[in-house]
Amino acid sequence: MRTKVVEDDLKHASNIRQGINAKGMKSTKQHGHGVAAKPYQILMLCCAYTGTELAYGVQAAYVTPILVSIGIPLRYLTLAWAISPILGLLTQPILGSYSDSCTCRWGRRRPFIVGVGLGILIGLLATGFGRDLGLLLSPNTMSTAIVLTVIGNGILDYSLDASGVPCRAYLFDVTPQNQEHRYQRLAAIFASIGAIVGYLICGLNWNFSFGLVVINQSHSVFILTTFLVSILLIISLCSVKEVPFVRTTTAVSQKNNSIQLRDNHDIYRLDSNDDSMNDNRQSDAATKADGSKSHLTTVLNAILRMPREFVILCILDAIAWTGYICFSVFYTDFVGIEVFNGNATAPVNSTEYLLYERGVQIGSWGLLGQSALGGAFALCLERISRPIGSRLLMILGFGLVGFLLFIMAFVKSLPFVLAAGILTGIAFGIIYSIPYGLVGQYHSVFKDDPRWNTRGYGIDSAILNICMYTGQLTVSFCVGGIVEASGTRNAAAIVMGGCLLASSFLSIFVVEVSVKPSQPELNDFTMNEERINNIT
């Protein structure tokens, strides 16, 4: 969180910068974004990214084959992915605004991470066991199984997408100023590790039985994923203790032993004792009725008054997400049908179905390679972007991957298809880190610009998530119909390649800023930077 001292008392402001509280005691050191976390705490925090991407990996590899196997027609297949983006467009900016001003004792971000985490776990179990539960409730029809599976996938998809808002804001809150790109790349590395584990789980054989109880592949995958995600989210929640803030509409004097901070036009007080916190709850409750209106107004203003450089970044991001989501949804299905000549709707024990299943499994290994490359690319991203810049990196990265995916529609050899899928990790590393890092830099560089100093990172992170939802909606309502009309999965390859090529072109217009840390900041964080470099 970006904090500014709003009291005019120079001595009090100096104490805050030196980390001295109102009682004269040394407190946790504060920086432009909030409390600077230790390296091991950052690693623990990033476990949330590992958990969500692990679930994303299982979802990408298994949900489309599951939906096809329960009998959903192809023209409706992508519509099953529309629940999350529709809800996300309506709720994500408000979620980001509430996250920026949450007054919970747990902090601003962790309550939301707990909520979306529970949604992820429920969605995983509902998606993996929706067919079985549906047949148990309605043995003579697949309708109940389809409804339960689609709802479960919707809950899973929305929760995974929504997790990006509090998780990224949580990381940004503890990021030292001018280190936005470094920490976002670290998050991308952890996300890649999660995706690797997810695809590895999908690529292994998990069919086994305990006596008369038979556990098939999909059941094992979803049970194991649910367990691992639970552990990773708990680790992340225990990483950095957030500072609770209490919003107040009145000025607070120094005699109350409190520090005033301003963020996103809301005034918060960090109280030195619980009594003073309780004393103001009645005044907070009095303004609660106007809270929703205030948040909605903040969100609308943030969207309608987006700075030009942010508008360009959002358009590019939306198109890039369209291509990447199309790849995630159709890649294993493409391998099973176009490369292995399988049939997802054939009888379960038929040769065509077994070929399709084998193609999905091989495609999962391609996705695993994509995640591994994405993590390695994110690890080297700082060294690569330093001489050429983020803009040229996006131009070249999106261009290469888009060209290969476009050619994949015409070259069906397994080695080439796997290579194209693996190299998509470059696009993953870019799309997952550079846009968020650029927004963080915009907030730092343009902090005195009236276009930016009234904006909160939580809302802007949510707006970037809206770009992802826009991509999902485009895939949901357009690509399924295009694929069915063409009668081949080649159309999906053309769409994913074309979108990334368009993103490459739009990257020409991205505004890139240079951030030069001040000498005190360099002195403060040199040790932490060296420790982070040793870790990564």
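1. The second largest cavity of this predicted model has seven names worth marking in the viewer: T78, W81, I325, V329, Q472, V475 and S476 form its lining. The space inside is about 30 Å³.

2. Which helix gives the most to the lining of the second largest cavity? It is α17, with three residues. α14 and α17 each supply at least two residues of this lining.

3. By class, the lining of the second largest cavity holds four nonpolar and three polar residues. No charged residue takes part.

4. The search covered the whole structure and found two cavities of 30 Å³ or more. The largest has a volume of about 430 Å³. Its lining counts 31 residues. Closest to the centre are E53, Y56, D161, W321 and M468. Start there when inspecting the site.

5. Where does the lining of the largest cavity come from? Helices that each supply at least two residues are α3 (47-69), α7 (143-162), α8 (164-173), α9 (180-203), α14 (308-339), α15 (351-408), α16 (414-445) and α17 (457-486). The largest share comes from α3, with eight residues.

6. How does the lining of the largest cavity divide by class? There are 17 nonpolar residues, ten polar and four charged. Charged residues thus appear in this lining, whereas the lining of the second largest cavity has none.

7. Two helices recur. α14 and α17 each give at least two residues to the lining of the largest cavity, and each also gives at least two to that of the second largest.

Definitions and conventions: Residues numbered from 1 in each chain as written. Predicted model: local features only at pLDDT ≥ 70, side-chain atom pairs only at ≥ 80, totals over all residues. Heavy atoms only, no water. 1 Å grid on protein atoms, 1.4 Å probe; cavity = no way out; pocket = protein on both sides within 12 Å on 5 of 7 lines; lining within 4 Å. Points joined across faces, edges and corners; volume = space filled by probe spheres on them. Helix = DSSP H or I, 4+ residues; strand = E, 2+ residues; numbered from the N terminus. Nonpolar A, V, L, I, M, F, W, Y, C, P; charged D, E, K, R; others polar.
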